[in-house]
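Subject: A structure for you to look at

Hi,

Here is the structure I said I would pass on. Have it open while you read, and my notes should be easy to follow.

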Amino acid sequence: MPSFSEILSKPSVFADRNVLSPHYVPEALPFRENEIRRIMEGVSPALKKERPRNIFIYGKTGTGKTASVKHVMAQFERHAGPGSYCYINCRMYNSRYRVIQKIVKELLPSLDSMGFGLAMLYERMVQEISSKSIFLIVVLDEVDMVKDLDDLLYTLTRSNDELKSGGISIIGITNKLTFKEQLDSRSRSSLCENEFVFHPYTASQLQAILSQRARLGFKPGTADDSAINLAAALTAQESGDARYALKLLLKAGEIADEKAIRRITDREVEEARRSVDRDIAFEAISALPDHHQLVLLGIANLFIDKSKNTRLASSEEEDFFITSGEAYEAYARVCRRYRKPRRSSRWYREYLNDLEMLGLITTVESGAGMRGRTRLIRLGYSAAEVKRIVEKGFSIIEQKG
DNA sequence: CCTCCACAGGAAGCGCAGGAGT
DNA sequence: ACTCCTGCGCTTCCTGTGGAGG
């Protein structure tokens, strides 16, 4: 009979798993001291009853943007009092209406703001800020997700003109570099009064972060230095995303526990990378709309066929490419198999662009040696893996007819 | 050189769902 | 509750582009 005490007493390399989880917020944020200082300087006027300039923060995923801002705002609240700032994740609050509603709800928790019109909510917000003379900081995380962002920014900046006292400042956070150009010029100049860039962590910075977390998360002597260095190096050459590095470490620990060994070595990190990459691919692919997946499956099928046919002739693996036209035909075949009406080739090209954006495929313009102008497609992940994931998702649909 | 191939990607327009305004 | 409007996903049509072939 299994028992909890038996399971819990199983030997493990972990001392505190939570430290390695992506939700863990460390006390100190190493290598972000300058950024944190500058953000603090940016918002500090609010403590002197002046309106801070808006701040715009750009940086790739896993560079510590959100953690740094949250860190600063926690300190800020200690000086300015509760209700002095408002953190909004725009993935959930993705329109002007929802953002304003959220702000009002933060300002007036007792008020049930559901069902009010935008004008009403806006009035309450202005009234509340004005009467209490608050210098409110609104943090808009993933600000690029807001549909009518120009309207939102206009509304918020205009409110400053209507306020008799107090003010609203915005901290916008995004990881999309192209995002700034999508704003109209007025919104841009108001949001980007003060602009910070968070650069990806370097290999040695990642190494320091990882070994600090490893000290807290693993039992002493269980994680090899070289394994930690490897995780840092693998991450640095890919993206510099600290969350990815931590995932590697966590997974490596889990693998060690599974094998019932007491040490994490390079081998476990290598295995962890394969596993984490598979997870990432799975998440990315299965979240995709149907026809994106079907296009991907078409491409994967072509790759598998091609490698079968050429294996005898040439041993040159991995140097295959597929033309856009071939892939469209393959996609059309896949559509017939699943009894889905196929999209037009024009729209198929948009799908290709989306897939490339997500890193699931890479494409190159055809150069010399090729007739016509086309794109040469290569898969980002192994064809068999992609085929498995997509077909798994579609097998349910197929059974239904 | 011109023409054709095999596409890329812009422009216009259409039907639909959901949100805003009344 | 009603219409009106807007954004979105998509098709159709079209022009542009870089090299192959004659």
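Below is what I found, going from the DNA to a helix and then to a few single residues.

One thing to keep in mind is that this is a predicted model.

**DNA strand B**

Start with the protein residues around DNA strand B: they are Tyr97, Thr323, Ser324, Gly325, Arg346, Arg349, Asn353, Arg371, Gly372, Arg373, Thr374 and Arg375. Of the strand's atoms that come within 4 Å of the protein, 60% belong to sugar and phosphate. Sorted by class, this surface has 1 nonpolar, 6 polar and 5 charged residues.

Which helices help to build it? Both α14 (324-337) and α15 (345-357) give at least two residues each, and α15 has the largest share, with 3 residues.

Now zoom in on some side chains. Arg349 has an N or O atom in its side chain 2.6 Å from a phosphate oxygen of strand B. For Ser324, the distance from a side-chain N or O atom to a phosphate oxygen is 3.1 Å. Arg371 meets another part of the strand: an N or O atom of its side chain sits 3.3 Å from a sugar or linking oxygen.

**DNA strand C**

Around DNA strand C there are 14 residues, and the ones that come nearest are Arg343, Ser344, Trp347, Gly369 and Gly372. Here, sugar and phosphate make up 74% of the strand atoms that come within 4 Å of the protein. By class, the surface divides into 4 nonpolar, 4 polar and 6 charged residues.

Three contacts with phosphate oxygens of strand C are worth finding on your screen:

- Trp347 places a polar side-chain atom 2.6 Å from a phosphate oxygen.
- Arg343 also uses a polar side-chain atom, at 2.8 Å.
- Ser344 uses a polar backbone atom, at 2.9 Å.

**Helix α9**

Next, turn to α9, which covers residues 203-217. This helix has 15 residues and reaches 20 Å from its first C-alpha to its last, close to the 21 Å expected at 1.5 Å a residue. Its buried residues are Gln205, Leu206, Ile209, Leu210, Arg213, Ala214 and Gly217. Look down the axis of α9 and you will see these buried residues fall within an arc of 165°, so they line one face of the helix. What do they pack against? The buried residues of α9 pack against α10 (225-238) and α11 (242-258).

**Thr235**

Helix α10 contains Thr235. Is Thr235 buried or exposed? Its relative accessibility is 0%, so Thr235 counts as buried. The side chain of Thr235 reaches the backbone oxygen of Ala231 at 2.8 Å. Leaving out residues up to four places away in sequence, Thr235 touches Leu206, Gly240, Asp241, Tyr244, Ala245 and Leu248. Leu206 is also one of the buried residues of α9.

**Two backbone angles to check**

Most residues other than glycine have a negative phi. Phe31 is not a glycine, yet its phi is positive, about 70°. You can find Phe31 in the loop between α1 (4-8) and α2 (33-43). With 31% relative accessibility, Phe31 counts as partly exposed.

Arg339 is another non-glycine residue with a positive phi, in this case about 55°. Arg339 is in the loop between α14 and α15, and these two helices each supply at least two residues of the surface near DNA strand B. Arg339 is exposed, with a relative accessible area of 67%.

Cheers

Notes: Residues are numbered from 1 along each chain as its sequence is written. Chains are lettered from A and ligands numbered from 1 in the order in which they are written. This is a predicted model: local features need pLDDT of at least 70, side-chain atom pairs count only at pLDDT 80 or more; totals for chains, interfaces and linings use all residues. Side-chain values use heavy atoms; hydrogens and water are left out. Helices (H or I, at least four residues) and strands (E, at least two) are DSSP runs, numbered from the N terminus. The expected span of a helix is 1.5 Å times one less than its number of residues. Buried means under 20% relative accessible area, exposed over 50%, partly exposed in between (1.4 Å probe, protein chains only). The arc is that of the directions from the helix axis to the C-beta atoms. Contact means heavy atoms within 4.5 Å. A residue is near a molecule or strand if one of its heavy atoms lies within 4 Å of it. A polar contact is a pair of N or O atoms within 3.5 Å; within protein, one must be able to donate a hydrogen and the other to accept it, and residues adjacent in sequence count only if both atoms are side-chain atoms. Ala, Val, Leu, Ile, Met, Phe, Trp, Tyr, Cys and Pro count as nonpolar, Asp, Glu, Lys and Arg as charged, and the others, Gly among them, as polar.
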